[in-house]
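Subject: Structure for you to look at

Hi,

Here is the structure I said I'd send over. Have a look at it first, and then read my notes below.

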Amino acid sequence: MSGAGCGYAAAFEPAMRLALAEAARSGDDVPVGAVIIDQAGAVVARGHNRRETDGDPTAHAEIVAIRAAAAPRQATWRLDGLTLVVTLEPCTMCAGAVTAARLDRLVYGAEDPKAGAVGSLWDVVRDSRLNHRPEVIGGVLAAECGTLLRDFFAARRIR
């Protein structure tokens, strides 16, 4: 994993800011946002948590964005050449989807010590038994991503 402090990881900060803006659109859902960018950095798809809105337990930001990126690719479901940028370390479902979609790279902000599957609890995306392993860059704007989540849950505890 590349460190968030290096220049290469810093190159993903603009995309992470877009993911943070997407997270802010989550409403009553846990504020997690994702964008998928191409090799030039152009946004191909966006997503935010929609589990509560859609009544769908699989409507995580990553899944919403992956589905949106795959929709126009009628000839293939593979998302090679693309990067998923997400504000929170993916869970097992989303890490599996990153691998299954053949995304080239995964960039995330805050670690998720309770459910993270990109190194915190499990490491799905780097499992050598799988046929695809994306590059992983963690900790991009981690403090901002973590603050958004902490503020959300703190507000819920006050109610």
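A quick definition to start: a disulfide is a pair of cysteine sulfur atoms within 2.5 Å. Keep in mind that this is a predicted model, where local features need pLDDT of at least 70 and side-chain atom pairs count only at pLDDT 80 or more, while totals for chains, interfaces and linings use all residues. Residues are numbered from 1 along each chain as its sequence is written, and side-chain values use heavy atoms, with hydrogens and water left out.

Now the cysteines. How many disulfides does the structure hold? Zero. Cys 91 is in none, and its nearest cysteine sulfur, in Cys 94, is 3.8 Å away. For Cys 145, the closest cysteine sulfur is also that of Cys 94, but it sits 15 Å off, which is too far for a bond.

Cys 91 is buried (under 20% relative accessible area; exposed is over 50%, partly exposed in between, with a 1.4 Å probe and protein chains only), at 17%. Cys 145 is buried too, at 1%.

Next, the backbone. Most residues other than glycine have a negative phi. Arg 102 has a positive one, near 65°, and Leu 141 also has a positive phi, near 50°.

Where are they? Arg 102 lies in the loop between α5 (92-100) and β4 (105-110). Helices (H or I, at least four residues) and strands (E, at least two) are DSSP runs, numbered from the N terminus. Leu 141 is in the loop between β5 (135-138) and α6 (142-158), and it is buried, with a relative accessible area of 13%.

Cheers
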